[in-house]
Structure formats: structure tokens, C-alpha cells
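Colleague: I have a few minutes before the centrifuge stops. Could you put the model up and take some questions?

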Amino acid sequence: MKFFIDTANLEQIKEAQALGILDGVTTNPSLMAKEGITGAKNILQHYVDICNIVDGDVSAEVIAIDFEGMVKEGEALAALHPQIVVKLPMIADGIKACKYFSDKGIKTNVTLVFSAGQALLAAKAGATYMSPFIGRLDDISTDGLGLISDIKHIYDNYGFETQILAASVRHTMHIMDCAKIGADVMTGPLSAIKGLLKHPLTDSGLAQFLADYKKGN
Ligand code: G3P
């Protein structure tokens with residue numbers, strides 16, 4: 001299972017990278033705005049800065065919502081750095097652009113997926129990654145993890161190579177449930193990743209080991 005961090009915060013990306021378990025980064029226009037990164041030039045430079053911190057794939061989202069605009073923007077993003085993955089919205093032109101880029105061997109991430117039917121279309125268009133949003137479905141009393149299971153079942157039926165990138169992960173249990181289902185990738189906040197570290201028996205066991213060591217030394 002690949003671990004991506006879902007942020008544009010360079011300090012958090014560095015912290016996750018330093019842990020040695022990071023496989024990539026996902027961003028979106030909202031995450032960029034949250035870090036105060038605005039204006040095309042600054043945003044493009046920020047993508048390069050992120051690529052220079054991590055070893056893996058970095059999703060960079062297009063703003064255009066028409067095919068020609070997405071192709072132009074996506075080609076410019078892909079040219080920025082070999083680690084860039086062109087992130088495209090799950091709309092008709094996004095699917096057309098996904099096919100265009102996959103035919104050219106450029107990696108893609110189809111985002112804002114909320115149904116198994118959308119996931120099927122993304123796979124048929126040759127998406128490298130397809131991002132269903134778990135947390136946002138949970139927010140409206142719909143089973144986000146159930147969607148991951150349905151997509152996994154459908155992709156396995158046909159051997160689609162598109163990777164299920166579980167997104168809008170909000171907490172540690174989302175990560176564990178995605179791992180049980182077999183999502184290829186999860187992207188979430190640093191807090192959810194660090195939550196995996198925690199167990200009170202680890203803390204008390206370590207304290208006991210150190211105390212016993214001190215007794216004999
Ligand atoms: O990866 C998608 C993500 O950025 C959306 O997360 O928490 O805004 O639903 P959230």
C-alpha cells in the first residue's frame with residue numbers, strides 16, 4: 001500500500017518524508033490556498049519545491065474544465081518535473097483528457113470520484129490513479145469505504161491497472177479500513193499517518209524496558 005500525504009505544507013511533507021514511509025504527495029487548489037500559495041507562477045514553483053522533497057509521484061491539478069485547456073495546462077504541469085502526475089476532474093472533458101495523457105504515457109489522477117460508475121470510466125480512460133473521496137461521502141451519511149470496496153471488486157473483475165487512490169482520508173481508521181479492503185494508495189493528513197504509530201502498550205512497554213535497564217546500570 002502506498003502512502004501519499006494530502007497537503008501543500010512543505011514542513012509536513014518534509015516530516016513525512018523523513019519518516020521514510022512516504023510514496024508521494026497529492027495537492028489540490030484548496031490545499032494550495034490554505035498554505036497561501038496563489039498565482040500561477042507561485043503554484044508551479046511550489047510543485048517543483050514539493051518534487052524536490054519527495055521521491056514519489058506528486059499530483060498537480062489542472063484548473064481548466066474544458067478539454068483543450070486541460071491538455072495545455074496538463075502538458076505544462078507534466079513538463080515541470082518527471083514526478084508530476086496530472087490531476088484531472090471527473091467530468092466528460094476530464095475523461096477525454098485522461099485518455100489523451102495516458103496515450104502519451106503521461107501519468108494521471110482522476111479526482112472527485114464519488115461513484116463506482118465514475119471509477120469505471122476513469123479506468124477505461126487509462127487513469128494511473130483514480131481518487132474516490134471517502135470523508136466527503138461519510139460527511140453526507142454515505143458509506144465512503146463501501147465505495148472503495150465496490151471499486152476494488154469491479155477493478156479486480158477485469159484486471160484494470162488503474163490504482164485506487166483512497167482520498168479525503170480523515171483519520172487513522174480510514175487508513176486501516178482501506179488497507180483491509182486493498183486500496184492501492186491512500187492519501188491523508190500527517191495526523192492520520194502519525195496516528196498509526198500510537199499504542200499505549202508500546203509506550204508503557206518501552207518505559208518499563210528503560211526503567212529495568214537503568215536498575216542494572
Ligand atoms: O484528497 C482529496 C482531499 O484533498 C479532500 O479532502 O478532507 O477536503 O475532503 P477533504
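Modeller: Below we go through the ligand, a helix, a strand residue, some aromatic rings and two backbone angles.

Colleague: What kind of model is this, and how are residues numbered?

Modeller: It is a predicted model, in which local features need pLDDT of at least 70 and side-chain atom pairs count only at pLDDT 80 or more, while totals for chains, interfaces and linings use all residues. Residues are numbered from 1 along each chain as its sequence is written, and side-chain values use heavy atoms, with hydrogens and water left out.

Colleague: Which residues are around the ligand?

Modeller: D6, N28, L31, F133, R136, A167, S168, R170 and T187. A residue is listed if one of its heavy atoms lies within 4 Å of the ligand.

Colleague: Which polar side-chain atoms lie by its oxygen atoms?

Modeller: R170 has one 2.8 Å from a ligand oxygen. The side chain of S168 has an N or O atom 2.6 Å from an oxygen atom of the ligand, and for R136 the distance is 2.7 Å. A polar contact is a pair of N or O atoms within 3.5 Å; within protein, one must be able to donate a hydrogen and the other to accept it, and residues adjacent in sequence count only if both atoms are side-chain atoms.

Colleague: How much of the ligand does the protein bury?

Modeller: The protein buries 81% of the 310 Å² that the ligand exposes when taken alone. Those areas come from the Shrake-Rupley method with a 1.4 Å probe; for residues, only the protein chains shown count as cover.

Colleague: New topic, helix α3. What span should it have?

Modeller: Helix α3 covers residues 40-53, 14 residues, and should span 20 Å at 1.5 Å a residue; its end C-alpha atoms are 20 Å apart, which agrees. The expected span is 1.5 Å times one less than the number of residues. Helices (H or I, at least four residues) and strands (E, at least two) are DSSP runs, numbered from the N terminus.

Colleague: Which of its residues are buried?

Modeller: In α3 they are H46, Y47, V48, I50, C51 and I53. Buried means under 20% relative accessible area, exposed over 50%, and partly exposed in between, with a 1.4 Å probe and protein chains only. Elements that they pack against include α1 (10-19), α4 (67-80) and β4 (84-89).

Colleague: And H46, what does it touch?

Modeller: Not counting residues up to four places away in sequence, H46 touches A8, L10, M32 and I37. Contact means heavy atoms within 4.5 Å. H46 has a relative accessible area of 7%.

Colleague: Where is G24?

Modeller: G24 is in strand β2 and is buried, at 0% relative accessible area. G24 is 31 residues from D55 in sequence, yet their C-alpha atoms are 7.0 Å apart.

Colleague: How many aromatic pairs are there?

Modeller: Six. Rings of Phe, Tyr and Trp (its six-membered ring) pair if their centres lie within 6.5 Å; planes under 30 degrees apart count as stacked, over 60 as edge-to-face and the rest as tilted. Y100 and F101 have centres 5.3 Å apart and planes at 80°, so that pair is edge-to-face. F67, Y100 and F101 form one aromatic cluster.

Colleague: Last one, the odd backbone angles?

Modeller: L112, in strand β5 (residues 108-113), has a positive phi near 65° without being a glycine. S141 is not a glycine either, and its phi is positive at about 60°. S141 lies in the loop between α7 (134-139) and α8 (144-158), and at 74% relative accessibility S141 counts as exposed.
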